[in-house]
Each structure stands twice: as structure tokens, then as C-alpha cells.
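Visitor: I have a new model open on my screen. Could you walk me through the terms people use for it?

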Amino acid sequence: MTKKSLLNQCTPPIVWNAVASVKTAVRTTARKARERDDSSHARNGSTQALDIYWDAAMGEALETWGEGTAWTEIRFLMANCHGKALDIACGTGKTMEILAPFNDLEIHGCDISDFLINKAIERGIPRERLKVCDATVTGYEDDFFDYSYSIGSMEHFTEEGVLSLITEARRITKFSSMHHLPVARNGKDNGWITPWHSYHNNSVDWWLARFHSVYTRVHVIDSKWEDNLSVGKWFICMKDSAPALKD
Ligand SMILES: C[S@@+](CC[C@H](N)C(=O)[O-])C[C@H]1O[C@@H](n2cnc3c(N)ncnc32)[C@H](O)[C@@H]1O
């Protein structure tokens with residue numbers, strides 16, 4: 001199997017600033033995070049495997065993986081939303097581009113990989129709407145965004161990182177925060193599994209326990225995305241200020 005086809009299978013379970021000094025600081029953070037990554041730690045999920053996000057093949061795989069599934073679904077989820085929204089761990093900005101025609105939305109994106117953020121800039125996403133940062137410590141103000149979402153990303157964070165990400169997303173988001181995740185096809189908590197792109201392959205309840213530790217209202221919606229190990233779900237986390245959603 002070629003590296004590219006392997007990537008295509010594994011991907012989903014799946015700030016930028018013009019100021020040079022900020023870029024340098026941010027690159028240092030990313031580099032330090034990558035230096036922390038040692039593949040033996042990455043194997044048990046206690047450390048995130050980050051090098052993969054500077055791999056050209058990953059950049060390529062991120063161009064196609066959500067077609068007809070997550071990228072169609074995010075359009076429906078955002079269709080009636082107005083205001084600022086953050087694409088958390090936006091990668092190459094592909095989803096931001098897909099949502100660009102939604103004129104009531106101003107989409108921003110953040111990601112730890114300056115390599116992938118550069119690709120978002122190359123595709124024409126305004127650089128002032130992009131930020132290179134760790135999604136668990138974004139630096140945005142409280143309630144800066146009306147909505148936020150992440151797609152195919154949170155499952156790759158450490159367990160501690162998952163909780164920090166949910167907490168940070170709640171802090172910076174006024175209404176709902178929506179997260180597309182793979183859950184285990186066998187319904188079990190299989191833990192941290194290590195195909196080419198390692199991730200938590202756990203049950204809906206495992207994920208709900210994490211979301212409910214931060215949010216009272218969480219809705220789970222099926223996604224069409226699937227592979228042989230996992231099926232896709234959307235976890236829609238709503239603050240009390242968010243309009244009610246009918247089940
Ligand atoms: C599988 S990719 C998905 C990218 C994008 N959401 C998409 O659907 O194409 C996972 C993304 O999470 C980003 N990421 C991983 N760990 C991160 C962290 N701690 N903070 C911010 N971004 C992170 C990676 O750089 C990568 O862009």
C-alpha cells in the first residue's frame with residue numbers, strides 16, 4: 001500500500017501574523033512541542049504525535065478526506081449561524097474555504113502547524129483570520145467567537161489535551177461548539193490505537209463523559225463518515241446562551 005493511500009485511510013480519525021517576530025515565537029512553540037514528541041510516548045497517547053502535521057503527504061490527504069461526509073455536514077450545521085466562527089485545528093483551511101460562501105459568517109482558523117497554516121494562506125484565506133497556536137491555549141478573548149467547530153482533530157490529542165481543548169473551546173465560544181470525531185465501530189473503549197495516525201478509538205459514552213464534564217447540553221448526531229474501525233459522530237456542545245435545539 002502506498003503512503004498516500006495509507007494516509008487517505010488514516011487521516012480523519014481523523015496565527016498566522018504578518019509580524020515576523022510573532023511568527024518566530026510561534027514557530028518556537030511548535031518546534032518545542034514537536035521536540036516533546038517522542039514516538040515511544042506517542043505510542044501510548046501520553047504525548048501527541050505532532051511531526052505528522054509537517055508532512056507534505058498529510059497536507060495532500062487533507063484536501064479530500066471529508067468530501068461527501070463531514071464537509072457536507074458542516075454546511076448544514078452552520079447554515080443558520082451568524083457571526084464569528086472558529087475552525088479549531090483548521091489544517092490547510094479546506095473547511096474554511098468550503099464555508100466561505102456563507103456570507104453571514106466570518107470564519108477564523110487556528111492550528112499548531114505553521115506548515116499547514118501556510119497552505120491555508122496559499123489558498124487565499126486571509127492571514128489575519130489565521131493563528132498558529134496550540135488549540136488548548138489559543139489566546140483568544142472569552143466569547144470571542146459565536147460558534148466553533150473541530151473536524152477530525154480532537155481524537156488525536158492526549159486525554160488531558162482533549163479536556164483542555166473542550167474547556168478552551170467553551171471559554172472562547174459564546175453559543176455552540178461542534179466537534180466531528182470517530183467513535184469505535186465495536187462500541188467499546190479501545191483506547192489509544194496506533195495506525196499511521198494515532199487516535200482514541202472509544203465509545204460515544206467515553207466522549208460524552210468528557211464533553212459533559214464541561215457542558216450540560218450535548219447532542220450527538222450521526223455523520224456519514226466511516227472506516228473499518230470507526231464511525232463518525234458530531235458532538236454539539238451548547239452553552240446556556242445557545243438557542244435550544246430540538247432532538
Ligand atoms: C487530521 S488533521 C484535520 C485538519 C482539518 N480539521 C481537516 O479536517 O482537514 C488534524 C489537525 O489538528 C492539528 N492539531 C493537532 N494537534 C493540535 C494542537 N495541539 N493544537 C492545534 N492544532 C492541532 C494538526 O496540525 C492538524 O491540522
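Guide: Here is a short tour of the ligand shell, the strands and one helix.
This is a predicted model, in which local features need pLDDT of at least 70, side-chain atom pairs count only at pLDDT 80 or more, and totals for chains, interfaces and linings use all residues. Residues are numbered from 1 along each chain as its sequence is written.

Visitor: What makes a residue one of the 22 that surround the ligand?
Guide: Its C-beta atom, placed from the backbone, must lie within 6 Å of the ligand. The closest of the 22 residues are Tyr-53, Ala-89, Gly-91, Ile-112 and Ala-135. The shell divides into ten nonpolar, nine polar and three charged residues; Gly counts as polar.

Visitor: Why are β5 and β9 called paired?
Guide: Two strands pair if DSSP finds at least two bridges between them, and β5 (residues 176-184) and β9 (residues 230-238) have nine, in the antiparallel sense, so they qualify. One of the contacts matches His-180 with Trp-234 in β9.

Visitor: What about β8 and β9?
Guide: Strand β8 (residues 217-226) pairs with β9 over seven bridges, also antiparallel. A hairpin of three residues joins β8 to β9, and Glu-226 stands opposite Val-231 in β9.

Visitor: Which residues of helix α7 are called buried?
Guide: Asp-114, Leu-116, Ile-117, Lys-119 and Ala-120 are, because each has 20 or more other C-beta atoms within 10 Å of its own, with C-beta atoms placed from the backbone. Helix α7 covers residues 114-122, and a helix here is a DSSP run of H or I with at least four residues. Across the chain, 42% of the 247 residues are buried.

Notes: Helices (H or I, at least four residues) and strands (E, at least two) are DSSP runs, numbered from the N terminus. A residue is buried if 20 or more other C-beta atoms lie within 10 Å of its own, exposed if 12 or fewer, and partly exposed in between; C-beta atoms are placed from the backbone.
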